Amino acid sequence: MRKKISMIGAGHVGEHAVKEMLARELGDIVLLDIVEGMPQGKALDMAEAAPLLGYSYFAKGSNNYEDIADSDVVIVTAGLARKPGMSREDLLEKNFKIIRGIAEQIKKYAPNSYVIVVTNPLDAMVYTVYKVLGFERNRVMGMAGALDATRFRAFIAMELGVSPEDVQAMVMGTHGDLMVPLPRFASVSGIPITELLDKETIDRLVERTRKGGGEIVSLLKTGSAYYAPGAAVAIMVESIIKDKKRVIPTSVYLNGEYGIKDVFIGVPVVLGEGGAEKIIELDLNDEEMAALRTSAEHVKKLEEEVDELFKKFA
Ligand code: TXD
């Protein structure tokens, strides 16, 4: 049975994720945006590349939510990026309104789907979607850890001059400066990186990972990263659709795991046909646990702001 995937938001991350999902033949895709013509143009352009690249699935551009009906997976990348002079609160309020509206459409047209949220501020936006949908927690998740971890892996590979493929790493916590990269759980073909790099170097790579998003923004000047984010989305969707059961850091609603409750935060998760099937609980040391708690407290505050926005715009 061909699967159906819908991408809400046909901007940079949306289109790159779709391109990667087509290349991996994950399913037929609906690419939806508020801008008329643009998603149709991008989808047509991708269809025209199919004979050259050899994939058998199509994306369809749309401005109409009826087209997402009965999707197996829905991804949300729609929203605004922060512009100069705009505070974080302004962005939270603007994207809250956009994301809440989108979640209502998903609930109406794709009530059996797995939903992956990408829009920033990530953990607050996935919380917003979760509240509107009322789905079981294994069906609503956020993408961020997959991106932060691939950045950490890439930096380790570059430092050591080894294949990025052989580098594994875990990054937990919220998306942003308070993320929690975990060098103790990073390895090169099973060799702990603590055997290969000194503490000073590891600290430098951890810091670069924390600031990874900002580094790209300051180079690009207009907009933020989209190659690695698009690939990270595709990898998560692939693990769900093919029931690969890959272990990927994913923002999920914790219910007591790690001693944290009612907060969306990045933790290692088994992704398979049941969505976020299983949370892996690592035995964190005191320092790691303290960093994760700080991350969770930060998200909790944002969630309280979201609760206020639900009341304000009831
Ligand atoms: O790790 C992560 N989670 C992230 C998050 C990694 C990279 C990007 N991250 C965030 O994703 C970023 O801060 C943004 O909030 C989103 C999307 O980033 P992108 O770079 O794709 O932004 P664009 O290119 O501006 O695309 C946004 C699209 C654009 O085409 C708008 O027309 C559309 O969203 N948009 C809408 N579509 C549908 N419906 C509504 N209401 C709507 N509003 C805007």
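Domain bounds here come from an automatic or database domain assignment, and the structure itself is a predicted model.

**View 1. The ligand sits between two domains.** Residues of domain 1 (4–142) and of domain 2 (145–306) both join the shell around the ligand, so the ligand lies between them. The shell counts 25 residues, and the closest ones are H12, V13, D33, V118 and M143. Two helices, α1 (12–23) and α3 (88–109), each put at least two residues into this shell. Sorted by class, the ligand's neighbours come out as 17 nonpolar, seven polar and one charged.

**View 2. Polar contacts to oxygen atoms of the ligand.** Zoom in on H12, D33 and H175 here. H12 uses its backbone: an N or O atom there lies 2.9 Å from a ligand oxygen. With D33 it's the side chain, where an N or O atom is 2.7 Å from an oxygen atom of the ligand. H175 also brings in its side chain, with a polar atom 3.2 Å from a ligand oxygen. Taken on its own, the ligand has 870 Å² of accessible area, and the protein covers 85% of that.

**View 3. The second largest pocket.** This pocket holds about 690 Å³ of space. Its lining is made up of 29 residues, and A146, A149, T150, R151 and R153 are the closest to the pocket centre. Which helix gives the most to the lining? That would be α5, with seven residues. Besides α5 (145–160), the elements that each supply at least two lining residues are α7 (212–220), α8 (227–241) and β12 (246–255). As for the make-up of this wall, 21 residues are nonpolar, three are polar and five are charged.

**View 4. A cavity lined by 13 residues.** How many cavities of 30 Å³ or more does the structure hold? Just one, and about 60 Å³ of space lies in this largest cavity. Of the 13 residues in its lining, A144, G145, G173, T174 and G266 come closest to the centre. Helices α4 (122–133) and α5 each chip in at least two lining residues, and so do strands β8 (171–172) and β12. The class split for this lining is four nonpolar, seven polar and two charged.

**View 5. Elements shared by the pocket and the cavity.** Put the last two views side by side and look for α5 and β12. Both give at least two residues to the lining of the second largest pocket, and both do the like for the largest cavity.

Key
Residues numbered from 1 in each chain as written. Predicted model: local features only at pLDDT ≥ 70, side-chain atom pairs only at ≥ 80, totals over all residues. Heavy atoms only, no water. 1 Å grid on protein atoms, 1.4 Å probe; cavity = no way out; pocket = protein on both sides within 12 Å on 5 of 7 lines; lining within 4 Å. Points joined across faces, edges and corners; volume = space filled by probe spheres on them. Helix = DSSP H or I, 4+ residues; strand = E, 2+ residues; numbered from the N terminus. Nonpolar A, V, L, I, M, F, W, Y, C, P; charged D, E, K, R; others polar. Near = heavy atom within 4 Å. Polar contact = N/O pair within 3.5 Å; in protein donor to acceptor, adjacent residues only side chain to side chain. Areas by Shrake-Rupley, 256 points an atom, 1.4 Å probe, with all protein chains shown as cover.
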